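Trainee: I would like to understand how the labels in a structure description are justified. Could we go through some of them?
Mentor: Yes. Bring up each label, and we will set it against its rule.

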Amino acid sequence: RTRLAWIIEAQWFKACMMGTLFVALFGTSLFTIFDVPDDPGKPILDTIMTVIMLIYVAELLITSFVRYRHYVFSSFFWMDFLGTISMAFEISYLLGEFGKTKGSSESSGGSVDTVLLRSAR
């Protein structure tokens, strides 16, 4: 337990967790802003988000083991738990947008631009 407690309380670990939090919060938006194509973009982003989710699961388990009395079922535990579960919505093959590509037309047969142009007439 003392080795695990040392890891969790180390400054480098906290910095790594802050970095993963930044990527988890803004990674998908940055891919959209920089207009990364879906073909290489989605698998890369899914891999990154999967690794981050596994890191969060490991951190949740380690912290639960090390600080059982003060952490388990506390508000911090539930925030970490819900944050870890919410990562599933960022990963396309879990609960994200699997198979959807940018610019694909909807089942109506036309793109949004075409519908707007038709309604403008």
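**Labels and their reasons**

Mentor: In this predicted model, the largest nonpolar core has 14 residues, and the members that touch the most others are F13, A24, M49, I52, Y56 and M87.

Trainee: Which elements give two or more residues to this core?

Mentor: They are α1 (2-9), α2 and α3. Helix α3 gives the most, with 6 residues.

Trainee: What does M49 touch, leaving out residues up to four places away in sequence?

Mentor: M49 touches V23, A24, G27, T28, M87, E90 and I91.

Trainee: How many helices and strands does the protein have?

Mentor: There are 6 helices and 0 strands. Along the sequence the pattern reads α-α-α-α-α-α.

Trainee: What share of the protein's residues counts as buried?

Mentor: Of its 121 residues, 26% count as buried. The protein exposes about 9,100 Å², and carbon and sulfur atoms supply 68% of that area.

Trainee: Which residues make the nonpolar surface patch?

Mentor: The patch of about 1,100 Å² is made by M18, L21, F22, V23, L25, F26, L30, I33, F34, I44 and I48. Two elements, α2 (11-33) and α3 (38-66), each give two or more residues to the patch. The largest share, 8 residues, comes from α2.

Trainee: I44 lies in helix α3. Why is I44 called partly exposed?

Mentor: Its relative accessibility is 44%. Buried needs under 20% and exposed needs over 50%, with partly exposed in between. The value for I44 falls in between, so I44 counts as partly exposed.

Trainee: What makes Y71 and F77 an edge-to-face pair?

Mentor: The ring centres of Y71 and F77 are 5.7 Å apart, and the angle between the planes is 85 degrees. A pair needs centres within 6.5 Å, and edge-to-face needs planes over 60 degrees apart. Both conditions are met, so the pair is edge-to-face.

Trainee: Are Y71 and F77 buried or exposed?

Mentor: Y71 has 7% relative accessibility, and F77 has a relative accessible area of 11%. Both values are under 20%, so Y71 and F77 count as buried.

Trainee: Why is the pair of F73 and W78 called tilted?

Mentor: The ring centres of F73 and W78 are 5.9 Å apart, with the planes at 35 degrees. Stacked needs under 30 degrees and edge-to-face over 60. The angle fits neither, so the pair is tilted.

Trainee: How do F73 and W78 rank as buried, partly exposed or exposed?

Mentor: F73 is at 58% relative accessibility, which is over 50%, so F73 counts as exposed. W78, with a relative accessible area of 38%, is partly exposed. Y71, F73, F77, W78 and F81 form one aromatic cluster.

Trainee: What is notable about the phi of F73?

Mentor: Phi of F73 is near 70 degrees, a positive value in a residue other than glycine. Most residues other than glycine have a negative phi. F73 is found in the loop between α4 (68-71) and α5 (75-86).

Trainee: Where is D35, and what is its phi?

Mentor: D35 is in the loop between α2 and α3. Its phi is positive, about 55 degrees, although D35 is not a glycine.

Trainee: Why is D35 called exposed?

Mentor: D35 has 55% relative accessibility. Exposed means over 50%, so D35 counts as exposed.

Note on methods:
Residues are numbered from 1 along each chain as its sequence is written. This is a predicted model: local features need pLDDT of at least 70, side-chain atom pairs count only at pLDDT 80 or more; totals for chains, interfaces and linings use all residues. Side-chain values use heavy atoms; hydrogens and water are left out. Patches are made of residues with over 30% relative accessible area and no salt bridge: like charges are joined within 9 Å, nonpolar side chains (Val, Leu, Ile, Met, Phe, Trp, Tyr) within 5 Å. Accessible areas come from the Shrake-Rupley method with a 1.4 Å probe; for residues, only the protein chains shown count as cover. A salt bridge is a side-chain nitrogen of Lys or Arg within 4 Å of a carboxyl oxygen of Asp or Glu. Helices (H or I, at least four residues) and strands (E, at least two) are DSSP runs, numbered from the N terminus. Buried means under 20% relative accessible area, exposed over 50%, partly exposed in between (1.4 Å probe, protein chains only). A nonpolar core is a set of buried Ala, Val, Leu, Ile, Met, Phe, Trp, Tyr and Cys residues joined through side-chain atoms within 4.5 Å. Contact means heavy atoms within 4.5 Å. Rings of Phe, Tyr and Trp (its six-membered ring) pair if their centres lie within 6.5 Å; planes under 30 degrees apart count as stacked, over 60 as edge-to-face and the rest as tilted.
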